[in-house]
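Trainee: I would like a close look at one spot in this model. Please start there and work outwards.

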Amino acid sequence: MLYHFAGITDRVGGSMHMLCRDRYGLSPAAWRVMAHVGELQPITAKEIGLRAAMDSVNLSRAMGQLDALGFLKRHIDPADRRRIVLQLTPAGQSAYDTLVPLSLEAERTLLAELNAQERATLRELAHRVWERSRRLFDDTDQETSF
């Protein structure tokens with residue numbers, strides 16, 4: 001199963017990443033961060049790291065790239081000065097609004113041979129597996145053995 005997921009991600013994600021790079025200069029990691037911010041803003045950097053399964057170095061680099069492109073604004077949460085809150089700038093929102101329909105179209109094309117019930121089941125199962133992986137592997141204090 002993991003081999004299949006990796007292959008799907010490489011094939012479909014690769015074309016999406018080329019589009020993001022060619023049109024906006026975004027790395028795959030920057031697009032992942034932008035997608036999470038665009039969907040959930042305002043959101044903290046820590047929350048994005050957890051949701052996107054990104055370590056702090058890659059997250060910081062991606063946020064730096066989005067900053068350099070003028071796509072991201074950050075501010076310190078006045079209620080908790082340790083938290084960095086992220087939102088898209090108008091330019092970032094415009095890029096996001098352009099890329100999301102293209103991403104959804106890639107998904108529709110990929111899933112076109114599945115009927116509506118199969119698509120719903122696949123989404124539900126993928127979400128459950130994602131949640132389970134998050135619970136198993138996001139707690140860095142525990143080691144998971146197979």
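Is Asp77 buried or exposed?

Mentor: First, a caution: this is a predicted model. Asp77 is buried, because its relative accessibility is 13% and the cut-off for buried is under 20%. Now place it. Asp77 sits in the loop that runs between β2 (72–76) and β3 (84–88). Leaving out residues up to four places away in sequence, Asp77 touches Arg83 and Val85.

Follow Arg83 next. Arg83 helps to line the second largest pocket, alongside Thr44, Ala45, Lys46, Glu47, Arg82 and Ile84. That pocket has a volume of about 150 Å³. Helix α3 supplies the largest share of its lining, with three residues. By class, the lining splits into four charged residues, two nonpolar and one polar.

Arg82, another residue of that lining, has a partner to check. Arg82 makes a salt bridge with Asp80, and their closest N and O atoms are 3.0 Å apart. Arg82 is exposed, because its relative accessibility is 74% and the cut-off for exposed is over 50%. Set this beside Asp77, which is buried at 13%.

Salt bridges are worth a wider look. Side chains of opposite charge can pair when their charged atoms come close. The count here is seven salt bridges. One of them joins Arg123 and Glu107, with N to O at 2.5 Å. Arg123 lies in α6 (residues 116–137) and Glu107 in α5, so this pair ties together parts that are 16 residues apart in sequence. Arg123 is partly exposed, at 44% relative accessible area. Glu107 is partly exposed too, at 32%.

Glu107 leads on to the largest pocket. About 2,200 Å³ of space lies in this pocket. It is lined by 39 residues, and those closest to its centre are Ile8, Thr9, Glu107, Ala126 and Trp130. So Glu107, partly exposed at 32%, is among the residues closest to the centre of the pocket. Helices α1, α2, α3 (45–51), α5 and α6 each give at least two residues to the lining. Helix α3 therefore appears twice in this account: it contributes to the lining of the largest pocket, and it gives the largest share to the second largest, where a residue in α3 is simply one within a DSSP helix run. By class, the lining of the largest pocket has 23 nonpolar residues, eight polar and eight charged.

Helix α1 gives the most to that lining, with eleven residues. Take α1 itself. It spans residues 2–24 and bends by about 30° at Gly13. Gly13 is buried, as are Gly7, Met16, Cys20 and Tyr24 in this helix. The buried residues of α1 pack against α2 (28–40) and α5 (90–110). Gly25 follows the helix, with a positive phi near 75°.

One more pair belongs to this region. Asp22 and Arg21 form a salt bridge, with the closest N and O atoms 3.1 Å apart. Asp22 is exposed, at 56% relative accessible area. Arg21 is partly exposed, at 48%.

Back to the starting point. Asp77 is buried at 13%, lies in the β2–β3 loop and touches Arg83 and Val85. Arg83 is part of the lining of the second largest pocket.

Key. Residues numbered from 1 in each chain as written. Predicted model: local features only at pLDDT ≥ 70, side-chain atom pairs only at ≥ 80, totals over all residues. Heavy atoms only, no water. Bend = angle between axes of the 7 residues up to and from the residue. Helix = DSSP H or I, 4+ residues; strand = E, 2+ residues; numbered from the N terminus. Buried < 20%, exposed > 50% of the residue type's maximum accessible area, 1.4 Å probe, protein only. Contact = heavy atoms within 4.5 Å. Salt bridge = Lys/Arg side-chain N within 4 Å of Asp/Glu carboxyl O. 1 Å grid on protein atoms, 1.4 Å probe; cavity = no way out; pocket = protein on both sides within 12 Å on 5 of 7 lines; lining within 4 Å. Points joined across faces, edges and corners; volume = space filled by probe spheres on them. Nonpolar A, V, L, I, M, F, W, Y, C, P; charged D, E, K, R; others polar.
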